[in-house]
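Grab a pencil and let's work through a protein model together. Try each exercise yourself before you read its solution.

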Amino acid sequence: MPEPLTPTVFRADLAEFLHQQPDDVDLEENPLSAGLDSLRIVTLVERWRAAGADVSFVELAERTSFSQWWQLLSERLAGAAHGDA
Amino acid sequence: MATPDRVGEHRPLLAAQEGTWAGHQLDPESPAYNTAEYVRIHGAVDPTAFEKALRHTVAEVEAVNVRFVVDDSGRPRQLSVPDIEWDPHIADLTTAADPRRTALDWMARDLARPVDLARGPVFGHALLRTAPDEYLWYHRVHHIALDGFGLSLVARRVAQVYTALVADEPLGESGFGTLESVRQEEAAYRASERFAKDRAYWTERFADRPAVVSLTDGQALPARTFLRRIVDLDPEETQRLRTVAQELSVTWSDLLLAVTAAYVHRISGAPETVLSLPAMGRLGSVSLRVPCMVRNILPLRVAIDDRDSLRDLTARVSAELRAGLPHQRYRYEQLRRDLKLLGGRRRLSGPGVNIMPFEYDLRFAGHHSTVHNVSAGPVDDLSVNVYDRAEGAGLRIAVDANPHLYDETDLAEHQQGLLTLLRESVAGPDRAIGPRRLQTTVLDGGPLPRPARPVLNLIAGHAARSGGVIAVEHDGRSVTYAELFGSARDLALRLAARDIGPGALVAVAVPRGIDAVRAILAVLLSGAAYCPLDPTAPHSRTKALLDSAQPAVTVTTSANAARFAGQPILLLDAPDADPGIRAQLPPSGASEDLAYVLHTSGSTGRPKGVEITHGALSAFVAGATQRYGLRREDRVLQFAPLHFDASVEEIFLTLCAGATLVVRTSDMTDSVPGFLHACDRLRISVLDLPTAYWHELAYTVSTGTAAALPATVHTVIIGGEAALPERVQRWQATFGASVRLFNTYGPTEATVVATVAALHETTAPGDVPIGVPLPGVRAAVMDGELYLIGDALSRGYRGAQAADNARFAPLTRLPGSPRAFRTGDLVRVGADGGLRFLGRADDEFKISGHRVHPSEVEAALLTQPRVRETAVVGQVLPDGTRRLAAHVVADAPAPTAADVREHLRALLPAAMVPSIVRFTDRLPRTSTGKIDRNALTALTEEQSPAAETTGGSLEEAITRLWAQFLGAERIGPHDDFFDLGAQSLQAIQVANRLGVELAREVRVAWLFEHPTAAQLARHLEHRSDAAPATALLDGVRADATLEEDIRPVAPARTPDAPRTVLLTGATGFVGPHLLTELLAATDAEIICPVRAASPAEAADRIHQALADQQIPLPACADRITAVPADLTRPNLGLGADRMAELAETCDAVFHNAATVSIMREYASLRAANTDSTRQLLRMASTRSIPFHLVSTLSVAPARSQSPEVPEAFFPPHPGLVRGYQQSKWASERLAEQAAERGLPVTVHRLGRVVGAPDTGQVNRRDFLWSVLASGIPAGIVPDLFEAEVWTPADYVARAVVRLSLTGAPGTVFNHAPVPPIRLADLYDWVQEYGYAVTRMPLPRWRTDLPRSADVAATTGAFFDSFTGGSADATGPDLGLGHVRADNVLRGLEGTGISCPPADRALVFRYLDHCVKSGILPAPGERQL
């Protein structure tokens, strides 16, 4: 059972891929400028889908800040939780 | 708001597309930019629904509904096209023996077809059923339209639409964005601060323009195909890789990048690698939802040294990526321009690593599928493509390679090497990647049959046991073994009396003869070592050697004593004063004692004394004696001067075998026949000759006239330099195995000879091995260089510096680290396990990225019949230009330099063809008889100024154009266009302009290969024989001017039903059809001028022409009037009266006659083709009657000049190179002027006219059919063109007559109403008909085609004349752009006249006819 996706986990996941400390992750940064590539995004997508957020690569890749990512992820998580209920 | 492109609208290309377009222009006939993948659908598919889904999706993808055109300035534009005509290929292959193989073969064939961007479609689809419940959906698209991600978007949508169709649900929206939105985004980016920042990042990161290394030193233009090797990592291995990546805090792609970089380092040894990373370029972009081409390439620098571990490297790769990725939008092509890294051989990055993380999880109506890449586009060098396959299946690694640079073996080796390194580093991520592993091959000569015995013991034994046998003979004198040994002992005692003994060195300066042999033996018997000096050498040389060797005494004769004034000497011919002591000889030399010191000239010119011990000498003698099979009955000629080590072989092998040494007299070598006679007289059985002398001898004896090899000679040993393959072949042809011929190789440092090849046993022509090591010797080949190991090695150089002796060092890479001598010679191991000598490592010359061994070029030169000897040297000009110069000795009649180069071009890469070929009577040789390469290099340098001068005007034309396009004031002849900032597009423009100015073809690729004006001019000049002179075209232009007095009377006659029609060319291939058609369509009398002696003969010829094509004589044949005529003569040979009469009576002219010859010059065609038109126009003008000219589509410019062939008259253009084209163009031009003056003219351009379908007739004089007729029986067919228009003769006659009678005056008709037939299809059908044919490039076809058959000879001659003996590998450009035929189609609308398509059935009918009429053998019969 994967760890539930929370803001803290989200930040930690990003930090891992950006070679930063979680506290140093700037959520307003553009994923492209932060140095992510498509493979890293695909890997994150797989991880977050496993945690119940039904997002696609294109949906993440077209967004221009990490905070937009979280917004999308939290919507999808809520949707999933709703669907489960 | 970005809207979809409107149909018919021209749009600029995206930057990525421009890059692809420019690349495509370098070789427009290349299919390299075709990318393709197939989706294996695991389940049943409804083909109808699938086709519907494909058509629906294709219509939704803007990027593929396009054509590409060029605007007036030469810039490419994208034209949105409606209703692209295309059909998917849907086939059920389940009945094939191996359906999947069949499917893949089909894909390979489809992929190999070039796409015409001007015409399209740029894509193709196929649905192939390979099992009852398995379908392969194949999707090909030109890279200019879609990139890999674009393909995936299309695939997803097809799956979606198909699924909806099957479920009968709404198809929904595609969700695709517009191309315009991508263009707008790109424009905004280019204007943004981000763009400036990105540019700053990259130009700074690459400011030092790092050296780019790869797995090969070679570079080549992109090939048309690529080699691919695929390996799948299993899930466990993939998991290990992922786990290690995670431990290292990187992704698996970083890990693969690091390993690839490390592998490049391992192979190249370079401290830095620059990888090419294809980047999706879509993050944060609207293009995430647009199927299009935006892919970019990131250059990734990775510094590496041998101590780095995988951990170090992945961290470095990851950091470099994080720094570079934010700037990934900046175009790679732009960066190359910024850095001036375009053209020539400049590179920004090396091998590619393409990571494909996108596993499409596509379901087709519920069925699972897997995606497989077929082609990822052109491969410049080497590319590692990594695909992450469906869940848990593991990674797939496909390594693609440019076949110009790698062969299958190289590729397999690299793939294996890469995998091994991957596995090693994943197993130990903290272990150093380790230094480059060099490949070492060891050849072992095997052990000596018995321990080597000291030479003095062997000779003493013969003296003791067979003392009466003659040991040495010279000039009528001889000594027995007993006498020789006895006198040598006496002399040894005289030396001993002077305190000469072990450890001392004695110079021997005695002319060849019995005394010399005695002196040598005496020195050895004294325990000292001998050092031979040439008694005839210049004083300075003698002094230098004495200084170097420091002999204790010099043994010489009174005659030479003066040379050694001031040195202690011992005179052979004068007794010493009695020293009063009784000297004693030491026991014979211990194996570590020196036996002799021989001098070689070092690379610095300072002589180096090579010290050979008794142990080395006896090891050599034992090994060589066994190898040569020397016996005591033998009589061995002593040929070599004593200061050559060949003399050691002759003297010691002979005396140790108890045989007889026959010393040659100095006059023996005055002439080769004299030498052979002397050998005969002396009953020589073994000849040991310097290779250079043997070359002369082999030449003489093989011609067989002047002299023969004496019957007594059973063995010839040669050595000293590389034997000429041509002489070896002559020798083998003369003697076969009857005379043993040993080719030897060996540096003095390894005691005379190290390897031997028995050339009488080897047979492959052109192959001259140096064989395998002697017993007791081992040869190690490392990185191509030869190392020798064994007891026969020298002790080292006398008194030499450590640097020199470093050549003798333990070979640590071999077990036991044996002492080895590094020869500096480059060799390779042949398939037979024997060595081949390639040249000196020092002579190796790098040019245009190629490592050139002059010997390879020499070997190629020597394959040319009249080339006898040659030497090739590399040279660096003061301006840094590197080039090769060939010095050639040729037999009369000597070939020209152009012949020589042409010959080489067929055998060698362009860079290896010498730019200078100099003929000479003899090659300079050093004092040791070897070719003096230094002297040759100097010669080349002296000559360079003259050689540099190229046609000034040509150079000027090139620089002027470039200056214009680059906005530069002045460009020098040696300025590199691309250094000056030239871009691909400009190169294309300049090539076009230059082509027009010079009235000849100038290919874009040539500008890249020859990036300075001087080089390009030289290249163009070398090809000048292929180009028409501008003057000739001027002549054509003059002929194409219609005289002022040819003016139709006004007004033109309105065409009512003609009563009399003049038809020329009624006896040709189209003529009979025109004739019957005119009879059918009109009530007119048809007057047919025919070349004949009488009216009866003229009528006969017409009847024959009809019969030949099985056309029944029409009922109204009485309306035909055949008139004897000759179109090449004034008044068409009819006489002025008859001509005037015709002018009065004819109501229309159909000028169809022409001499069709693709080989003849314009001058020989102008009367028949051009002047006849002029005469007929004059005749027609008198009453302004309609004039219809039958012309040819071959007057059109080639596709490279014009993407479209309009239905309009052409201005002069550079494509008019053949006489026939020129004559027909001039005819059209005349008709055009007449039309302008008011004559009702129509022009009908025909494509290839083929026989009427119902008869299946074939025009056997037609060019294509003659090519087929010669190629098919030989099993080979050439790549002539991509596609061409075919119209059957009966159809085209109907169309011409109808359009002539109804068309508006001045109209040009291109009779191309159907899509062209693709050559690939034609050849496929030929195959299916039952002929096994192989397609090949034209030049190879020309070479491979047997020249025996007449038809083959003619066709071959055509191509030879076409390319004018030039080097170009691609042959004539026979391809036209898109042929417009709107006038024809409109004119025939509603007439019921329609052209049957050229399909498989039609081609089969033609082939039937060919078989029936004997043009071709029936399938299955092979002509010999």
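Below are five exercises, each with a worked solution.

Before you start, know that this is a predicted model, in which local features need pLDDT of at least 70, side-chain atom pairs count only at pLDDT 80 or more, and totals for chains, interfaces and linings use all residues. Residues are numbered from 1 along each chain as its sequence is written, chains are lettered from A and ligands numbered from 1 in the order in which they are written, and side-chain values use heavy atoms, with hydrogens and water left out.

**Exercise 1. Sizing up the interface**

Work out how many residues each chain brings to the contact and what area is buried between chain A and chain B.

Step 1: Start with contact, which means heavy atoms within 4.5 Å. On that basis, chain A supplies 19 residues and chain B supplies 21 residues.

Step 2: Now go for area. The size of an interface is often given as the accessible area lost when the parts come together. Buried area is the accessible area (1.4 Å probe) that two parts lose on being put together, summed over both. Here that comes to about 1,900 Å², with carbon and sulfur atoms giving 65%.

Step 3: Look for the big contributors in chain A. Leu32(A), Leu39(A) and Arg40(A) lose the most area to chain B, together 32% of what that side buries.

**Exercise 2. Polar links and the chain A side**

Find how many salt bridges and how many residue pairs in polar contact there are between chain A and chain B, then describe the side of chain A that touches chain B.

Step 1: A salt bridge is a side-chain nitrogen of Lys or Arg within 4 Å of a carboxyl oxygen of Asp or Glu. Two of them run between chain A and chain B. Glu62(A) pairs up with Arg289(B) in a salt bridge, and their closest N and O atoms are 2.7 Å apart.

Step 2: A polar contact is a pair of N or O atoms within 3.5 Å; within protein, one must be able to donate a hydrogen and the other to accept it, and residues adjacent in sequence count only if both atoms are side-chain atoms. Between chain A and chain B, five residue pairs are in polar contact (both at pLDDT 80 or more).

Step 3: Next, the elements. Helices (H or I, at least four residues) and strands (E, at least two) are DSSP runs, numbered from the N terminus. Helix H1 (7–18), helix H2 (38–50) and helix H3 (57–61) of chain A are the elements that give two or more residues to the side touching chain B. H2(A) provides the largest share, five residues.

Step 4: Sort by class. Ala, Val, Leu, Ile, Met, Phe, Trp, Tyr, Cys and Pro count as nonpolar, Asp, Glu, Lys and Arg as charged, and the others, Gly among them, as polar. The side of chain A that touches chain B then has ten nonpolar, five polar and four charged residues.

**Exercise 3. Into the cores**

Which residues touch the most other members of the largest nonpolar core?

Step 1: Buried means under 20% relative accessible area, exposed over 50%, partly exposed in between (1.4 Å probe, protein chains only). A nonpolar core is a set of buried Ala, Val, Leu, Ile, Met, Phe, Trp, Tyr and Cys residues joined through side-chain atoms within 4.5 Å.

Step 2: The largest core has 102 residues, and the top ones are Phe57(A), Trp69(A), Phe50(B), Trp137(B), Phe364(B) and Ile958(B). Helix H4 (residues 148–167) of chain B gives the most to this core, with nine residues.

Step 3: Zoom in on Trp137(B). Leaving out residues up to four places away in sequence, its contacts include Tyr38(B), Phe50(B), His125(B) and Phe364(B).

Step 4: There's also a second, separate core of 85 residues, with Val479(B), Leu655(B), Phe742(B) and Ala750(B) among them.

**Exercise 4. Two salt bridges compared**

For Asp1147(B) with Arg1059(B) and Asp1262(B) with Arg1248(B), decide whether each residue is buried or exposed.

Step 1: Asp1147(B) and Arg1059(B) meet at 3.7 Å, N to O. Both sit in loops, so the pair ties together parts that are 88 residues apart in sequence. Asp1147(B) is buried at 6% relative accessible area, while Arg1059(B) is exposed at 60%.

Step 2: Asp1262(B) and Arg1248(B) have their closest N and O atoms 3.0 Å apart. Asp1262(B) and Arg1248(B) are both buried.

**Exercise 5. One residue in its surroundings**

Where does Glu696(B) lie, and which residues does Glu696(B) touch?

Step 1: Glu696(B) belongs to helix H19 (residues 691–703) of chain B and is partly exposed, at 31% relative accessible area.

Step 2: Not counting residues up to four places away in sequence, Glu696(B) touches Val672(B), Arg727(B) and Arg868(B). Val672(B) is 24 residues from Glu696(B) in sequence and 7.3 Å away in space, C-alpha to C-alpha.
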